[in-house]
Amino acid sequence: MDIYIIVILFFLPVYQLFVCMINVIFPQYIPHGASLTDTPKISVLIPMRNEEHNINNILTDLVLQTYKNLEIIVLDDNSTDDTYTLASRWTNEYPNIKVIKGDDLPVGWLGKNWACHQLSVQANGEYMLYIDADVRLSPVAIQSAVYELIKYKLDLLSVFPHQHMHTWGERVVIPLMHYILTTMLPLIFVKKVQNNMLSAANGQFMLFSTNTYKKYHFHEKVRHEIAEDIHIARYMKLSHCNVGVYIGDNNITCRMYDSYKSAINGFAKNIHEMLSGSYVVAIAFVLLHFIVPVIFIACNEYVLFAIYILMMLYIRVLSSIHTYQNVIINVILYIPHIFILFYLVVLNINNRLQHKTVWKGRVIS
């Protein structure tokens, strides 16, 4: 086989391995429990839509934080369950907890973006922490994040929480998020290089400087975007704001989805945004995972095929270690993960073309 063809076929795994090794050598974790000489007020902002099963967990974690200068604002986004009632009970015992009902969704906005924008109007803290209801926090989580944000003078600190997966349906889908993140984006460069292509964020945990946020009103800027977190990070980089992206350990955790179906629906709505926001890149990324090993086998290049597979498995090992995931399970599920990735991209394109992307009872595309 021609050397130039070999170089082209190995480009993606070599790039992924290079990025993954950078992330392992320079891991982006938030140090636990770093002490602060000053404790500015933090507005913890929680948009909720049908979160009755999560509300008590997240509020319990928040009242147990070692960082005490918190105002906690919950916005009920037109829930059809008991979210508002359960959240309101907390206000009787904790005066720093406030629960509000969200206004009706205006034309041109997506639901979560509108909820987050309304929360920003209510915030009085020097910093604003947007957090999803399904996130769990250790007692030092907020203190540690605030310390890191102040230390590096960040305008946004975002964390990809450590994911709890209890079913095989979750395990064949959810690890793809960290796989794409840690093999395609050198996280240390997000903080060091002012280029919007080197950006990422996770709406599950986004800590902003309030002054910066209210200067730009980020959720209003991206009011129609499904992956609002990623678009905010890109917009901030274009505006020369400082952004830091971190991998969560047991300090900040989450169980995003509780089944295969919910995980597929959740990831299918924005898988192309995880891959640079380009359908061309998303399709190429998926096809290369299929085509390259097939080409090696078709050309009887079994040594190159073996090298390719070993490289891809080693990448999975490094990525799993870096993100505190089960190495053995992720290696075993290497082939299923590739097929699921392909299915997610196809489903994403089909839903967008037919305007079938639905999330929490709302059509969002």
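Helices here are DSSP runs of H or I with at least four residues, numbered from the N terminus. With that settled, here are some notes on this predicted model.

1. **The nonpolar patch.** Helix 15 is the biggest contributor to the nonpolar patch, giving three residues. The patch sits on the surface and consists of Ile283, Leu287, Ile291, Phe342 and Val346, which together have about 370 Å² of accessible area. Two elements give two or more residues to this patch: helix 15 (279-298) and helix 18 (334-354).

2. **Phenylalanine 342.** This patch member belongs to helix 18. Its relative accessibility is 37%, so phenylalanine 342 is classed as partly exposed, given that the partly exposed class lies between 20% and 50%.

3. **Cavities overall.** You may want to look inside as well. Searching the whole structure turns up three cavities of 30 Å³ or more. The largest has a volume of about 50 Å³, and the second largest holds about 40 Å³ of space.

4. **The largest cavity.** Its lining is made up of Tyr29, Ile30, Val159, Ile247, Gly248, Asp249, Asn251 and Ile252. By class, that lining has five nonpolar residues, two polar and one charged.

5. **The second largest cavity.** Around this one you will find Pro175, His178, Tyr179, Arg316, Ser319, Ser320, Thr323, Gln325 and Asn330. The split here is two nonpolar, six polar and one charged. Helix 8 (175-184) and helix 16 (302-322) each provide at least two of the lining residues.

6. **Helix 8.** Apart from its part in that lining, helix 8 deserves a look for its burial. Nine of its 10 residues are buried, so helix 8 is largely enclosed by the rest of the structure. The buried residues are Pro175, Leu176, Met177, His178, Tyr179, Ile180, Leu181, Thr182 and Thr183. Among them, Pro175, His178 and Tyr179 also line the second largest cavity.

7. **Asparagine 56.** Finally, a residue in helix 3 (residues 55-63): asparagine 56. Its relative accessible area is 35%, so asparagine 56 counts as partly exposed. Between asparagine 56 and threonine 83 there are 9.6 Å in space, C-alpha to C-alpha, while the two are 27 residues apart in sequence.

Definitions and conventions: Residues are numbered from 1 along each chain as its sequence is written. This is a predicted model: local features need pLDDT of at least 70, side-chain atom pairs count only at pLDDT 80 or more; totals for chains, interfaces and linings use all residues. Side-chain values use heavy atoms; hydrogens and water are left out. On a 1 Å grid over the protein atoms alone, a cavity is a set of points where a 1.4 Å probe fits but cannot get out, and a pocket is an open set with protein on both sides within 12 Å along at least five of seven lines; lining residues have an atom within 4 Å of a point. Grid points are joined across faces, edges and corners, and a volume is the space filled by probe spheres set on the points. Ala, Val, Leu, Ile, Met, Phe, Trp, Tyr, Cys and Pro count as nonpolar, Asp, Glu, Lys and Arg as charged, and the others, Gly among them, as polar. Patches are made of residues with over 30% relative accessible area and no salt bridge: like charges are joined within 9 Å, nonpolar side chains (Val, Leu, Ile, Met, Phe, Trp, Tyr) within 5 Å. Accessible areas come from the Shrake-Rupley method with a 1.4 Å probe; for residues, only the protein chains shown count as cover. A salt bridge is a side-chain nitrogen of Lys or Arg within 4 Å of a carboxyl oxygen of Asp or Glu. Buried means under 20% relative accessible area, exposed over 50%, partly exposed in between (1.4 Å probe, protein chains only).
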